[in-house]
Amino acid sequence: MKNGEKWLDIDGNPIEAHGGCRLYHEGKLYWYGEDRRGDNYVSCYVLEKNGWKFLNSVLTTNSKTQATRVVANLDLRKEISNGDKIRVIIERPKVVYNKKTKKFVMWMHYENGVDRQDACAAVATCDTPYGDFVYHGAFNPMGHHSRDCTLFEQNGKMYFISSARRNADLHVYLLQDDYLNVARLVNVLFSNEKREAPAFVEKDGKVLLITSGCTGWYPNQATFSVADSITGDFTVNENLGDETTYLSQSAFLYKNEKGEIVFFGDRWGGGDLLQTREFDYTKSGYCAYKVEFDGETAKLVYSDEAFC
Ligand code: GAL
């Protein structure tokens with residue numbers, strides 16, 4: 001697979017799974033991400049011997065909704081002034097498994113589809129990795145803005161990380177045991193540095209955090225930072241890759257079977273976005289670059305072929 005291209009699934013259809021995540025569960029590798037076709041919000045694929053197989057649109061405009069103890073907006077479509085109901089915006093879905101409740105829990109970024117002022121986190125759950133998720137609504141964690149986001153587990157605790165205060169700061173929240181709400185704000189990172197698209201991985205006791213700058217769909221300079229613990233002190237951000245992060249923005253980091261770190265990103269709108277300035281979401285492709293990380297410094301290795 002070529003970096004930057006729109007990859008195809010094993011049925012020959014374009015993969016729509018942007019800003020997403022991977023989940024390894026019971027011997028299978030799942031890939032979730034944004035899907036803006038028709039009624040879809042989030043798609044789920046599974047890795048088979050010959051490539052990615054589409055399994056389900058796990059969150060759509062018609063998903064079941066169910067309130068929890070967290071007071072939240074349950075609308076998956078927004079009614080506008082002429083009475084029409086439009087799609088809301090669901091971005092950067094991340095799915096993890098909660099061993100205690102045996103539920104698959106998805107956290108994501110929600111906006112109302114009219115403007116980008118709600119800045120909410122949203123939560124959904126399911127009994128299987130690829131079933132129809134039940135939507136539990138959108139809310140501002142502890143009253144804060146919550147935009148680009150991710151989940152990260154360390155020492156058996158799950159954390160939700162999202163851009164807050166008009167993207168100026170990056171908040172780290174410890175989640176409650178069932179992962180349905182935040183428990184505590186445990187760290188504020190890079191205050192006033194305006195970092196987005198957070199992606200974490202842990203290697204040899206070190207936490208590597210890669211973020212992007214804040215230029216909407218346009219690619220910009222990624223940075224990396226390192227800490228012993230997600231609740232601890234992170235090093236000063238240093239540049240990673242070139243000024244466009246090789247025409248990509250981070251979606252997630254993972255370790256492949258050899259233990260190598262892979263940076264997985266989106267090439268929003270295709271490679272010519274910087275020239276045309278015309279954003280077409282359907283042209284967005286994927287990038288997978290190797291990250292060389294020695295516990296202190298990180299380097300993004302450019303390649304034409306996706307590094308898996
Ligand atoms: C980016 C963000 C994307 C999307 C986009 C919208 O900065 O990382 O997930 O929200 O802005 O302009």
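**A colleague's note on two sheets and a ligand**

1. Let's start with one pair of strands. Strand S9, residues 120-126, is joined to S10 by four bridges, and the two run antiparallel. If you would like a place to look, find Ala121: its bridge partner in S10 is Phe139. Please keep in mind as you read that this is a predicted model.

2. Now step back to the sheet around that pair. Four strands make up an open sheet, in the order S7-S8-S9-S10, with antiparallel pairing. Which strands stand at the edges? They are S7 (89-98) and S10 (134-139). Each has a single partner strand, so one side of each is left without a neighbour in the sheet. On average, neighbouring strands here are turned by 20° against each other, direction ignored.

3. A word of background may help. Strands of a sheet pair through backbone hydrogen bonds, and the pairing can be either parallel or antiparallel. Try following the backbone of S9 and S10 in the viewer to see the antiparallel case.

4. There is another four-strand sheet to explore. This open sheet has the order S15-S16-S17-S18, and its pairing is antiparallel. Its edge strands are S15 (196-203) and S18 (238-240), each of which pairs on one side only. From one strand to the next, the twist averages 30°.

5. Within that sheet, how many bridges join S17 to S18? Three bridges link S17, residues 222-227, to S18, and these strands run antiparallel. Ala222 is a handy landmark, with Leu240 as its bridge partner in S18.

6. Next comes the ligand. Which residues surround the ligand? They are Glu91, Arg92, Arg116, Asp148, Glu196, Gly216, Trp217 and Gln249. The space that the ligand takes is the second largest pocket.

7. Finally, let's look at some distances to oxygen atoms of the ligand. An N or O atom in the side chain of Asp148 is 2.5 Å from a ligand oxygen. For the side chain of Glu196, the distance from an N or O atom to a ligand oxygen is 2.4 Å. Gly216 takes part through its backbone: an N or O atom there lies 3.2 Å from an oxygen atom of the ligand. On its own, the ligand has 310 Å² of accessible area, and the protein covers 90% of that.

Definitions and conventions
Residues numbered from 1 in each chain as written. Predicted model: local features only at pLDDT ≥ 70, side-chain atom pairs only at ≥ 80, totals over all residues. Heavy atoms only, no water. Pairing = 2+ DSSP bridges. Axes fitted to C-alpha atoms, helices over the stretch in contact; angles between N-to-C directions. Near = heavy atom within 4 Å. Polar contact = N/O pair within 3.5 Å; in protein donor to acceptor, adjacent residues only side chain to side chain. Areas by Shrake-Rupley, 256 points an atom, 1.4 Å probe, with all protein chains shown as cover. 1 Å grid on protein atoms, 1.4 Å probe; cavity = no way out; pocket = protein on both sides within 12 Å on 5 of 7 lines; lining within 4 Å. Sits in = over half its atoms within 2 Å of the grid points.
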